Amino acid sequence: MITVNSDGKIMVRRCLVTLRPFRLFVLGIGFFTLCFLMTSLGGQFSARRLGDSPFTVHTEVIGALESRVVLRKMSDLLELMVKRMDTMVRLENGSELRRGDEEHAVDRFPPGAKLMEKIQEIAQNVSDIAMKVDQILRNSVLHSKVSEGQRDQCEVPNDPKYPDCSGKVEWMHARWTSDPCYAFFGVDGTECSFLIYLSEVEWFCPLMSWRNQTAVLPASKPLPKVQAAFRSNLSHLLELIGSGKESLIFMRKRIRQLAAHWALAARRLEAKLKGARREQKQILIHIGFLTEESGDVFSPRVLKGGPLGEMVQWADILAVLFVLGHNLKITVSLKELQSNLGVPPGRGSCPLTVPLPFDLIYTDYHGLQQMKQYMGLSFKKYRCRFRVIDTFGTEPAYNHEEYATLHGYRTNWGYWNFNPKQFMTMFPHTPDNSFMGFVSEELNSTEKQLIKNNKASNMAVVYGKEASIWKGKEKFLGILNKYMEIHGTVYYETQRPPEVPAFVKNHGLLPQQEFQQLLRKAKLFIGFGFPYEGPAPLEAIANGCIFLQSRFSPPHSSLNHEFFRGKPTSREVFSQHPYAENFIGKPHVWTVDYNNSEEFEAAIKAIMRIQVDPYLPYEYTCEGMLERIYAYIQHQDFCTTTEPSPLVAPPQPARVPTALAPNATHLVWPHNASLGSEAWPPLHSLQGWLAETGRTCTDTCLDRGLICEPSFFYFLNTQDAFLKLNVSCDRTESEMNHLYPAFAQLGQECYLQKEPILYSCAGSNTKYRRLCPCRDFRKGQVALCQDCL
């Protein structure tokens, strides 16, 4: 026989009291209440998403009547349970108190009293919830009735000012679920939500008359206008750049190295401007080629001899914009980019959630593609604010999407329909674009004299840090080795690259300062045809070297050379570094035919006999670049002329106040003319020349010591201009062609330009004599005319 002591009985009774069926029932009721509330009200709360805009319209309230009935029944049921439980508890407490051996245990654990409190608490909560839900449902029904009244007003308007409205509504019917961003902005599949979205978020439909216009997308408060002030301390810029990548570390080092030069340049430009007031710009800098999504092939190669030209230029751009006193945001990841732009969740079909907070955006082609993907229609709206860093340039024929497609100029990089001046190049080789540039370290007179005194008369440094550049160059190197000691800076990890001959002293990859010390000793810096148009030759010339490079015959271009294939330019490159050949020249730059051994050797002998001083063009000094970018930010405004669409030509004057120059060879602009008085560059710098057959405007202007200025085409694009040049036009037509305005001698026909963004200094045809706008330029600063600052 099993015996159980009194303590065991007490424990069993406590368990039975604790787990009685009615307690389980009460817990079940509570759980059921929670589930019911989540189910019946879930639609009410989930229908109002966190991202819903203020103009969201919800017209359905499901189960309103049923919700009230069930809640009231639950409340009545809990009240009945309270009454019955009150009786049961009194009986239970009485039986418990008659057991003396359990008296103290019951005192410690009064289950009836506690249970009553719990049930009353649940009943009160359910009653409160029922009242609140009833109020919510009443408001929902009222809102539903209002929405039903508004639904009658949601007919697609027939407004000639908005011809695309009906088509866009049909598109929304079929595709609004294709991107979550539409639901984020309140689209729910109803006609009203489509029209509200298309009128208040996008701009294809007119605003609805019954809408509260304060509910339209909230506009961010414009920042108060602040005057820009020159900065000389660059420590905050270094913090903005960060150091998460090798490429960023390289940029920081370069900026720190040139900090004193930037500070001096800022003081000089400030004195030159004489206290002129400037507005501080909000500027976003997105370096797209450094994002992980674009592959970021540069960062891993910084320490392995990879190309650094782009990072040199970006470091200098960051320094210029910061020194000029503007407010910068710098991004090298898509996450940072989306946060700064205000990109809505989704796949990029919708506009930004807020007006663009930046006056200017500096990026590259990779970044441009990324922003187009995420900005939706806002990209088109704000495209006039972009400045695209484009090493080799983008010609107008490649930039105009329709024209490029029709005439075979379409590439992977063009067709953006920008004003061509929005593309900014490393060298001033494409007047259709703006010249951004970079800087080299400027030496003072003492440093220049020290370099001259320490120059070795027979030391050469080869331009090429990658071993592949040396392949097949044994013949040139053998000739050079007869006269000079040859040094290289080719990257290698363990073994010497076999492409580098044994007689070459290879230093491996050098830090920038050590590389400059090597250049300061060397007499010759020699290029082997690649890389094209890098910063190193200018650095070598600035450190007292002579630069020897190869002449290309035939010239390299996208038609015959793989490197240029696909780039949005037809420019022909006649040497490794055309800027050095054309704008610097001898004695600092020698360009010879490397396939002619005698010419090559003769050049080496001649270079051995001469001495040169260190030389740096002004436009590649810190002051020169600062001056140039200051002028661009102050005067280049593509928004006033390109919105709402850059493809709409401005009205063209029938006559412009051009006049023949005294020698009757070209057109000039009278100083007293009022038309175009606000133009930049100033119109009195304009000279209109008629090119010879088959010549580009770029070459036509250079032949006369001038620069082609595409913004002046507008003032020459008239029949009157041809008449003043004594050109008789039997017929005049206006067409889209990047060679126009031009004159065809066969048939005596004059052609005017129909599309403003196709005005181009580049391009030629043996059929035409092009009418070319030229201007003067500041000494050492081809980007600016003499009165442009």
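A salt bridge is a side-chain nitrogen of Lys or Arg within 4 Å of a carboxyl oxygen of Asp or Glu. With that in hand, let's look around this structure, which is a predicted model. A search of the whole structure turns up 20 salt bridges.

**The chain as a whole**

The chain holds 28 helices and 21 strands. Out of its 789 residues, 50% are buried. Take the contacts with a separation of 6 or more: 72% of them involve residues 24 or more positions apart. As for the outside, the accessible surface is about 38,200 Å², and carbon and sulfur atoms account for 54% of that.

**Three salt bridges**

Here are three of the pairs, with their N to O distances.

| Pair | Distance |
|---|---|
| Lysine 482 and glutamate 601 | 3.0 Å |
| Glutamate 533 and arginine 571 | 2.9 Å |
| Aspartate 703 and arginine 695 | 2.4 Å |

Start with lysine 482 and glutamate 601, whose side chains meet in a salt bridge. This pair ties together distant parts of the chain, 119 residues apart: lysine 482 is in the loop between helix H19 (474-481) and strand S8 (485-488), while glutamate 601 belongs to helix H23 (residues 597-609). Is lysine 482 buried or exposed? Its relative accessibility is 57%, so it counts as exposed, the cut-off being over 50%.

Now for glutamate 533 and arginine 571, another salt-bridged pair. They also link distant parts of the chain, 38 residues apart, with glutamate 533 in the loop between strand S10 (524-527) and helix H21 (536-542), and arginine 571 in the loop between strand S11 (546-556) and S12. Both glutamate 533 and arginine 571 are buried.

In the third pair, aspartate 703 is exposed at 53% relative accessible area, whereas arginine 695 comes in at 31% and counts as partly exposed. Elsewhere, salt bridges with shared partners join Arg268, Lys272, Glu623, Glu627 and Arg778 into one network.

**Histidine 577**

Glutamate 533 has a part in this story too. Histidine 577 sits in the loop between strand S12 (573-575) and helix H22 (578-584). Its relative accessible area is 1%, so histidine 577 is buried. Which residues does histidine 577 contact, leaving aside its neighbours within four places in sequence? They are Phe427, Glu533, Gly534, Pro537, Leu538, Phe547 and Gln549.

**A helix with two sides**

Helix H13 (residues 334-341) has Leu334, Leu337 and Leu341 buried. Looking down the axis of H13, you'd find its buried residues within an arc of 55°, so they line one face of the helix. What do they pack against? Strand S1 (282-286), strand S2 (327-331) and helix H14 (365-375). The face turned away from the buried side carries the exposed residues Lys335 and Ser339. Just after H13 comes glycine 342, with a positive phi of about 80°.

**The nonpolar cores**

The largest nonpolar core is made of 77 residues, and those with the most contacts inside it are Trp262, Ile285, Tyr362, Phe525, Leu626 and Ile629. Helix H12 (residues 309-323) gives this core its largest share, 11 residues. Not counting residues up to four places away in sequence, isoleucine 285 touches Trp314, Leu318, Leu321, Leu328, Lys329, Ile330, Thr331 and Tyr362. Apart from this largest core lies another one, of 28 residues, including Val490, Val500, Ala603 and Ile604.

Notes
Residues numbered from 1 in each chain as written. Predicted model: local features only at pLDDT ≥ 70, side-chain atom pairs only at ≥ 80, totals over all residues. Heavy atoms only, no water. Helix = DSSP H or I, 4+ residues; strand = E, 2+ residues; numbered from the N terminus. Buried < 20%, exposed > 50% of the residue type's maximum accessible area, 1.4 Å probe, protein only. Contact = heavy atoms within 4.5 Å. Areas by Shrake-Rupley, 256 points an atom, 1.4 Å probe, with all protein chains shown as cover. Arc of directions from axis to C-beta. Core = buried A, V, L, I, M, F, W, Y, C linked by side-chain atoms within 4.5 Å.
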